[in-house]
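This report concerns the surroundings of the ligand, the main pocket and the domain layout of one protein model.

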Amino acid sequence: MRIILATITLGLIIGCSGLDQTQDLSPKGAFIDSLLNEMTLTEKIGQMSQATGSWETTGPVIKDPDMVDLASNGKVGSFLNVFGAKRTRSAQKLAVEQSRLGIPLIFGYDMIHGYATTFPIPLAEAASWDLELIKTSAELTALEAAAAGLHWNFAPMVDIARDPRWGRIMEGAGEDPWWGSQVAVARVEGYQGEDLASLSTIAATAKHFAAYGAAEGGRDYNTTEVSERTLREVYLPPFQAAADAGVATFMNGFNDLNGIPVTASELLVRQILKKEWNFKGFVVSDWASVQEMTDHTIASSDKEAARLALLGGCDMEMVSTTYREYLEALVDEHPEFITHIDDAVRRVLAIKYDLGLFQDPYRYSDPEREAKLVLHNDHFKHARAIAKRSIVLLENRNQTLPLKRDLSRIAVIGPLVDDKETPMGTWSAQGKEENVTTILEGLRLAVGDQTKILTSNGCDVNSSDKSDFKKARSLASKADVIIAVVGEEALMSGEALSRADIGLPGVQLELLQMLKATGKPVVVVLMNGRPIAEPWMYENCDAVLETWHLGVQSGPAIADVLFGSYNPSGKLPVTIPRAAGQIPLYYNHKNTGRAYDPSERYTSQYIDEDHLPQYPFGYGLSYTTFEYSDLSLDKPELHRGDSIEIEVKLTNTGAFSGEEVVQLYTRDLFGSVTRPVIELKGFKKVYLEPGTSTQVSFTITSDNLRFWDKDLNFRAESGAFKVFVGPNSVDHLEGEFSLID
Ligand code: BGC
C-alpha cells in the first residue's frame with residue numbers, strides 16, 4: 001500500500017510539475033547523467049547555490065574564508081559580482097582544483113547596458129527603434145564581459161512597465177509587449193550569439209519573471225495583482241519571446257503575484273515556463289528572494305521558503321542560503337524531492353556544458369584578451385552611434401534646432417552640464433566616470449574657435465539653493481542660445497529608486513523659467529531614466545531633447561543632434577504623462593463604456609488635469625517633416641491562415657534628410673473580451689532624402705491578430721479590424737479589413 005501511494009505521489013509531481021523528462025541521449029546528456037551519478041546530495045545542492053563576491057575588500061586573489069570554503073568544497077555552483085580575468089581565474093581554480101568533482105563555477109554579473117564601455121540605458125536604446133544596433137550593444141557587452149572572465153549576464157530585463165514612478169522602468173524596453181518582445185530577442189541574440197561556447201558570447205537572463213513592473217504605486221518590490229489574461233497579454237510576451245530565442249536562464253522577480261511570491265510560483269515557472277514553453281535552461285532566484293518569502297508571510301521558516309522555492313521551480317538560489325541549509329533535511333523528509341533537485345542540477349550543468357566550461361574552465365579568464373577588448377575604441381564608436389539614435393526630439397518651436405555652427409556665444413547652463421556620473425545611468429557595471437564625455441566636453445569638441453561657451457550649473461539637481469541663479473542669468477543673457485541641461489541624476493532611477501513625483505527635481509523648473517525670461521531661445525537637454533512629467537517645460541521651452549542617460553559618448557552624441565550632423569529619429573517607447581496622478585497611462589488601453597470625450601461630462605476624464613498624455617507612445621519629431629499618404633490594403637478580407645499587405649506612401653517634405661519610424665497598429669473592433677483601442681503590430685525605420693518618396697509595406701497574418709479570448713485560448717476571432725499607419729500611436733491613416741473563417 002505504501003509503495004503504491006509513493007508511486008502515485010511521484011507520478012503526480014512528475015506529471016504536472018514542468019520537470020524535464022526527456023532523456024537526452026546526446027554526448028552532453030550522457031556526460032551530465034554520469035556526472036550527476038557521481039554527485040553527493042551536498043554537491044548537488046552546491047550547484048543550486050549562488051554566492052556573492054566581495055571584491056572591494058578582498059582584492060584580486062580570493063582571501064575571503066567563506067568564499068574559499070564554498071568554492072573549494074563544492075558548496076556553490078556560481079558566484080555573482082566576481083569579475084576580471086585574474087579574479088575569475090583564481091576563484092575557478094578553487095572549484096576546479098580543490099573540490100572533489102572539480103565542477104567549474106559560472107560567474108554572473110549585472111551588465112544591463114555594458115560591461116566597462118557604457119552604452120545608453122536600455123529604455124533609451126528602445127527609443128532608437130534600431131534592433132541591429134541594440135543587438136550590437138549586447139554583442140559588445142558580451143565581448144567585453146567574456147574577456148573579463150564572465151559567463152553570464154543578468155540581462156535583459158524584459159519587464160513591461162506602465163508606471164514611470166517605478167525606477168526600474170529604465171532597465172527595460174518600455175510599455176509595449178510587442179516592441180518589448182522584439183527588443184528582448186535582439187538582446188538575447190546579441191549576448192548569446194549562435195554559440196554559447198564562443199569566447200565572444202555569454203549566457204543571458206530574462207528577468208524578472210514575471211509582472212515585477214506592475215508593482216503597486218510604482219513602489220519597487222511591491223505587490224502585483226494581475227489577471228491571468230493581462231499577464232499573458234501584456235507581461236509575458238517578452239519572456240516567451242526570450243525563451244523562444246533560446247535564452248539560457250530566467251530570473252524570478254521579488255514580487256508577490258496574486259498572492260504567491262513569484263519565486264515560488266508553480267504556475268509561472270513550472271507550468272508556463274518549463275512546461276508550456278518547454279524551457280530547458282535554469283531559473284535563478286533574485287537576490288535573497290527565496291529567503292524573503294518569510295517576510296512575504298508565505299513561509300513560516302527559511303526551511304519552508306526553501307521547500308516552496310524548490311517546488312516552485314527555482315533551480316538556483318541567489319545569495320540567501322536556505323537551499324544549502326535545508327534541502328538535505330527536506331530530502332530526508334520527502335525523498336521524492338530528489339527528482340526536483342536532479343532536474344535543477346541537470347539544468348545548471350547543461351548551461352555550464354554549453355559554455356564550454358567542462359572542456360576548459362579557464363577559457364574566458366584571459367588577461368591578454370581582457371586588456372585588448374575591454375574599452376576598445378570600436379565600442380566607443382558604437383556607443384556614439386546608438387546614443388544619437390536614442391535621442392527623441394520632443395519639441396522644436398520655430399526650428400530652433402539644429403543650431404548653426406557659427407554662433408558667437410552659447411550658454412550651457414544646468415546641474416548636469418559637466419556631470420560624468422549621470423550619463424552612465426544606474427547599473428553602470430564597470431563603467432568609469434573618466435571614460436565619459438560630458439555634454440560640455442562634447443559641445444567644446446563640436447564648435448569652432450569663433451564660438452564662446454559660457455557655462456554655469458545654475459543649481460544642483462535636487463536642492464532648493466538658488467544662489468547660482470544670478471550668475472546663470474547673467475551668462476544666459478549674453479548668449480545667442482541657451483542649452484539647459486537638466487533632469488535626474490544616475491541614482492534617481494533604477495532598483496529601489498521609485499519616485500512619487502516624476503517632475504524635475506529641486507529648483508530645476510525654476511531655473512528653466514528664469515532662463516526663458518531672458519528672452520533667449522532655450523533648448524532643453526533632458527537627462528533622465530524615466531519619463532518626466534513637467535508640462536511647463538514642454539510647453540514653453542523652444543526645443544526639448546529627450547536624451548535619457550546615454551552612456552560614455554553622451555556629449556558627442558548630443559552635440560551631433562544639436563548641430564544637425566545627425567537628424568534625430570528616436571520615438572518614445574513609453575507614454576510621457578502630464579502628471580503622476582494620471583499613472584498608469586499607456587497607449588494600448590481599453591475603450592471603457594464611456595470613452596474620453598471632453599464635450600461630455602459623464603465620460604472618463606479628470607476634472608483637474610487633461611485626460612491625454614503629454615506625449616503618446618511612439619512619438620518623436622525630426623528636423624525634417626514626413627507626409628503619409630495613400631494607405632492601401634491589397635484585399636478587404638483576410639482569410640484565417642492567410643495574410644494581408646498594407647502599403648503607405650511616405651514623403652520627406654522637409655529640408656533635411658532623415659529617418660522615420662513608420663508604425664503599424666491594429667484595432668480589433670469587437671471581441672469575446674474587451675480589446676485595446678490600438679495595438680502595435682510592426683514598424684519600419686526608413687531613410688529618405690528631402691523631396692523623395694517611398695512605398696512602405698507591411699504584412700499582417702491572422703496569427704498576428706491572436707489574443708487570449710474569454711476562455712483563455714490564444715486565437716484570432718473573426719470580425720472587423722481597423723489598421724493604422726503613422727508616425728506615432730495617435731496620428732495615423734486608417735484602413736479596414738475583416739478576418740473571415
Ligand atoms: C536585482 C536583479 C539583479 C540582482 C543581482 C537584484 O537586486 O533585482 O535584477 O540581477 O540583484 O545583482
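## Ligand environment

The ligand is surrounded by Leu 80, Asp 110, Phe 154, Arg 168, Lys 207, His 208, Met 251, Phe 254, Asp 286, Trp 287, Met 318 and Glu 495, where a near residue has a heavy atom within 4 Å. By class, this shell holds six nonpolar, one polar and five charged residues; Ala, Val, Leu, Ile, Met, Phe, Trp, Tyr, Cys and Pro count as nonpolar, Asp, Glu, Lys and Arg as charged, and the others, Gly among them, as polar.

The model is predicted, with pLDDT of at least 70 required for local features and 80 or more for side-chain atom pairs, while totals for chains, interfaces and linings use all residues. Residues are numbered from 1 along each chain as its sequence is written, and side-chain values use heavy atoms, leaving out hydrogens and water.

## Polar contacts and cover

An oxygen atom of the ligand lies 2.7 Å from a side-chain N or O atom of Arg 168. For His 208 the corresponding distance is 2.7 Å, and for Asp 286 it is 2.6 Å. On its own the ligand has 310 Å² of accessible area (Shrake-Rupley method, 1.4 Å probe), of which the protein covers 94%.

## Domains

The domain assignment (automatic or from a database) gives domain 1 (1-38), domain 2 (43-109), domain 3 (213-228 + 256-354), domain 4 (388-582) and domain 5 (626-740). The C-alpha centres of domain 1 and domain 4 are 58 Å apart.

Definitions and conventions. Polar contact = N/O pair within 3.5 Å; in protein donor to acceptor, adjacent residues only side chain to side chain.
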